[in-house]
Amino acid sequence: MKRTLAILLLSLLVLNVSAQKKRFKNDFSPEKFQIELEQFITRNACLTPQEASKFFPLYNEMRDKQRSLNDEKKQLKRIKPVTEAECKKYIQEIDKIDLEVKQLQRRYHEEFMRMLPASKVYDIIKAEDKFHRQAFKRMADKVKKK
C-alpha cells in the first residue's frame, strides 16, 4: 500500500513538472518578443516612424548574425575537451567567436550611425539592454511563481 502510494505521488509530481515545462514553453512567442522589443526601442530612443522603418531591418540582420554566432558557440560548449591541445583549441575557438560578435556589433553600430544620430544609437543600445534585463526578470518571476 505504501509503495503504491509513493509511486502514485511520484507520478503526479512528474506529470505536474512536465505540464509546467510545457506551459512555460508555450508562453514564449518569438514574434511577440520581437514586436515588444521594437516598440520598446522605438519608444525609448524616440525613433520616428521613418527612422524605425530604416533602422529595424538592419538591426534584425545584425541580430540574426549574432544569433548564428551564439548558436555556433553553444554547439562548441556542448563538447568537453579532454586533452590539453583540445582545451587550448576550444578556448581559442570561443575567443574567436566572441571577437566576431564584437566586430559585428561595431560594424553595425557604425552603419546605424550613418542613418541616425549617434545619440539615438546610444539610446537604442541602452534601450535594448534595459529591455533584455526586464524580460529576463519577468521570466525569472514567472518561474518563481510556478
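The legends below describe several close-up views of a predicted model.

**View 1. The chain as a whole is built from helices, with no strands.** In this predicted model, the secondary structure comes to 5 helices and 0 strands, and reading along the sequence gives the pattern α-α-α-α-α. The chain has 146 residues, of which 23% count as buried. Among the contacts in the chain with a separation of 6 or more, 71% are accounted for by residues 24 or more positions apart. The chain exposes about 11,300 Å², and carbon and sulfur atoms supply 59% of this area.

**View 2. The largest nonpolar core draws on helices H2, H3, H4 and H5.** This core has 26 residues, and those with the most contacts inside it are Ile41, Leu47, Phe55, Phe56, Tyr59, Phe112 and Ile124. Two or more residues come from each of helix H2 (30–44), helix H3 (49–77), helix H4 (84–115) and helix H5 (118–145), and H3 gives the most, with 8 residues. Phenylalanine 56, one of the residues with the most contacts inside the core, is in contact with Glu38, Ile41, Thr42 and Leu47 when its neighbours within four places in sequence are left aside.

**View 3. Ring pairs link five aromatic residues into a cluster, Phe55, Phe56, Tyr59, Tyr108 and Phe112.** A search of the whole structure finds 7 aromatic pairs. In the pair formed by tyrosine 108 and phenylalanine 112, the ring centres are 6.3 Å apart and the planes stand at 50°, so the pair is tilted. Tyrosine 108 and phenylalanine 112 are 4 residues apart in helix H4, which means that about one helical turn separates them. Tyrosine 108 has a relative accessibility of 5% and therefore counts as buried, and phenylalanine 112, at 2% relative accessibility, likewise counts as buried.

**View 4. Arginine 138 lies over the face of phenylalanine 131.** The distance from arginine 138 to the centre of the phenylalanine 131 ring is 6.0 Å.

**View 5. A salt bridge between lysine 120 and glutamate 51 links distant parts of the chain.** Side chains of opposite charge can pair when their charged atoms come close. In this view the side chains of lysine 120 and glutamate 51 meet in a salt bridge, at 2.7 Å from N to O. Lysine 120 belongs to helix H5 and glutamate 51 to helix H3, and the two are 69 residues apart. Both lysine 120 and glutamate 51 are buried. In the whole structure the count comes to 10 salt bridges.

**View 6. Two salt bridges lie within helix H3, one between glutamate 61 and lysine 65 and one between arginine 67 and aspartate 64.** In the salt bridge of glutamate 61 with lysine 65, the closest N and O atoms are 3.8 Å apart. Because glutamate 61 and lysine 65 are 4 residues apart in helix H3, about one helical turn separates them. Glutamate 61 has a relative accessible area of 37% and is therefore partly exposed, and lysine 65, with a relative accessible area of 40%, is partly exposed as well. The side chains of arginine 67 and aspartate 64 meet at 2.9 Å, N to O, and these residues lie 3 residues apart in helix H3, about one turn of the helix. Arginine 67 is partly exposed, with a relative accessible area of 40%, and aspartate 64 is partly exposed, with a relative accessible area of 45%.

**View 7. Cysteine 46 is found in the loop between H2 and H3.** Although cysteine 46 is not a glycine, it has a positive phi of about 55°. The relative accessible area of cysteine 46 is 55%, so this residue counts as exposed, the cut-off for exposed being over 50%.

**View 8. Methionine 113 in helix H4 touches Ala118 and Val121.** These contacts of methionine 113 are listed without counting residues up to four places away in sequence. Methionine 113 has a relative accessibility of 43% and so counts as partly exposed, whereas phenylalanine 112 counts as buried.

Definitions and conventions: Residues are numbered from 1 along each chain as its sequence is written. This is a predicted model: local features need pLDDT of at least 70, side-chain atom pairs count only at pLDDT 80 or more; totals for chains, interfaces and linings use all residues. Side-chain values use heavy atoms; hydrogens and water are left out. A nonpolar core is a set of buried Ala, Val, Leu, Ile, Met, Phe, Trp, Tyr and Cys residues joined through side-chain atoms within 4.5 Å. Buried means under 20% relative accessible area, exposed over 50%, partly exposed in between (1.4 Å probe, protein chains only). Contact means heavy atoms within 4.5 Å. Rings of Phe, Tyr and Trp (its six-membered ring) pair if their centres lie within 6.5 Å; planes under 30 degrees apart count as stacked, over 60 as edge-to-face and the rest as tilted. A charge sits over a ring if NZ of Lys or CZ of Arg is within 6 Å of the ring centre and within 35 degrees of the ring normal. A salt bridge is a side-chain nitrogen of Lys or Arg within 4 Å of a carboxyl oxygen of Asp or Glu. Accessible areas come from the Shrake-Rupley method with a 1.4 Å probe; for residues, only the protein chains shown count as cover.
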